[in-house]
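Biologist: I have a structure open on my screen and I'd like to learn how to read it. Could you walk me through it, feature by feature?

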Amino acid sequence: MKLFLFLLILLLSACAQLEQYPEGKKLYVKHCSGCHGKNGEGLQLLIPPLSGAEIFIAAGPNAACWITKGMKGKIIVKGIEFENAMPPIQHLSNIEIANILNYSLNSWGNKHKFITPEEIKSIIKNCQ
Ligand code: HEC
């Protein structure tokens, strides 16, 4: 029994380490997944995916401006044209935005280097 518990704890802690950005995941689910989907898959021709989205990965921390200012107009994501509008989300802190971006830029096959709240702060000052 003791050995079983020990192995269980070992397994659980290994799983916990696999979850890289738990806070970012919570915030993503709360603020983004309603539109972009739990796995960043988007919604048909209405909402672009975040998984494998070239413009998202290229924007990296600059995507903070799309979150705080919103986004509209024609864009092409994974070869598909979208022309819709994303409403601005203004009440998020720099830390929360960094968490959301680190989670979504390192999930569903996406890869990006770590983004700090300080980077987000200076980017947001210069949003168009
Ligand atoms: C109300 C729905 C909605 C919510 C909530 C929303 N988005 Fe969007 N998002 C959109 C739409 C629609 C577009 C495309 C806008 C256009 O066509 O110009 C978009 C575009 C984007 C893009 C650029 C296109 C792409 O696929 O890479 C990124 C990145 C993005 N959103 C990230 C987020 C993140 C992160 C959140 C949560 C903080 C979020 N969005 C919340 C609807 C939403």
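What follows is a chat that goes from the overall layout to single residues.

Modeller: Sure. Keep in mind that this is a predicted model.

Biologist: Okay. How many helices and strands are there in the protein?

Modeller: The protein has 7 helices and 2 strands. Reading from the N terminus, the order is α-α-α-α-α-β-β-α-α.

Biologist: And what share of the residues is buried?

Modeller: Of the 128 residues, 22% are buried. You can also look at contacts between residues at least 6 apart in sequence: 59% of these join residues at least 24 apart.

Biologist: Let's take the strands. In which sense do S1 and S2 pair?

Modeller: Strand S1 (residues 71-77) and S2 pair in the antiparallel sense, over 7 bridges. To see one pairing, pick Gly 73: its bridge partner in S2 is Asn 84. The two strands form a hairpin with 2 residues between them, and Lys 78 in that turn has a positive phi of about 50 degrees.

Biologist: How many residues of S2 are buried?

Modeller: The count is 0 among the 7 residues of S2 (residues 80-86), so to speak a strand that is hardly covered.

Biologist: Now a helix. Why is H6 described as largely enclosed?

Modeller: Because 9 of its 11 residues are buried, H6 is largely enclosed by the rest of the structure. Among the buried ones are Ile 97, Asn 99, Leu 101 and Tyr 103. The buried residues of H6 pack against H2, H5 and helix H7 (117-125).

Biologist: How do I describe two helices that pack together?

Modeller: You give the angle between their axes and the distance between the axes. Try helix H2 (residues 22-31) with helix H6 (residues 94-104): the angle is about 95 degrees and the axes are 8 Å apart. That makes H2 roughly perpendicular to H6.

Biologist: Which residues meet there?

Modeller: From H2, they include Leu 27, Tyr 28 and His 31, and from H6, they include Asn 99, Ile 100 and Tyr 103. Sorted by class, the contact of H2 with H6 has 4 nonpolar, 5 polar and 3 charged residues.

Biologist: What about H6 and H7?

Modeller: Their axes come within 8 Å and cross at roughly 110 degrees. H6 and H7 are therefore roughly perpendicular to each other. On the H6 side the contact is made by Asn 94, Ile 95, Ile 97 and Ala 98, and on the H7 side by Pro 117, Ile 120 and Lys 121. By class, this contact of H6 with H7 has 5 nonpolar, 1 polar and 1 charged residues.

Biologist: Which residues come nearest to the ligand?

Modeller: Of the 29 residues around the ligand, the nearest are Cys 32, Cys 35, Pro 48, Phe 56 and Met 86. Helix H3 (33-36), helix H4 (54-59), helix H5 (63-69), S1, S2 and H6 each give two or more residues to that shell. The shell divides into 21 nonpolar, 6 polar and 2 charged residues.

Biologist: One last residue: is Ile 67 buried or exposed?

Modeller: Ile 67 is found in helix H5. The cut-off for buried is 20 or more other C-beta atoms within 10 Å; with 22 C-beta neighbours inside 10 Å, Ile 67 counts as buried. Leaving out residues up to four places away in sequence, Ile 67 touches Ile 89, Leu 92 and Ile 97. Ile 67 and Met 86 are 19 residues apart in sequence, and their C-alpha atoms are 8.2 Å apart in space.

Methods
Residues are numbered from 1 along each chain as its sequence is written. This is a predicted model: local features need pLDDT of at least 70, side-chain atom pairs count only at pLDDT 80 or more; totals for chains, interfaces and linings use all residues. Axes are lines fitted to C-alpha atoms, for helices over the stretch in contact, and angles run from 0 to 180 degrees between N-to-C directions. Helices (H or I, at least four residues) and strands (E, at least two) are DSSP runs, numbered from the N terminus. Angles under 35 degrees count as roughly parallel, over 145 as roughly antiparallel, 65 to 115 as roughly perpendicular and the rest as oblique. Two residues are in contact if their C-beta atoms, placed from the backbone, lie within 7 Å. Ala, Val, Leu, Ile, Met, Phe, Trp, Tyr, Cys and Pro count as nonpolar, Asp, Glu, Lys and Arg as charged, and the others, Gly among them, as polar. A residue is buried if 20 or more other C-beta atoms lie within 10 Å of its own, exposed if 12 or fewer, and partly exposed in between; C-beta atoms are placed from the backbone. Two strands pair if DSSP finds at least two bridges between them. A residue is near a molecule or strand if its C-beta atom, placed from the backbone, lies within 6 Å of it.
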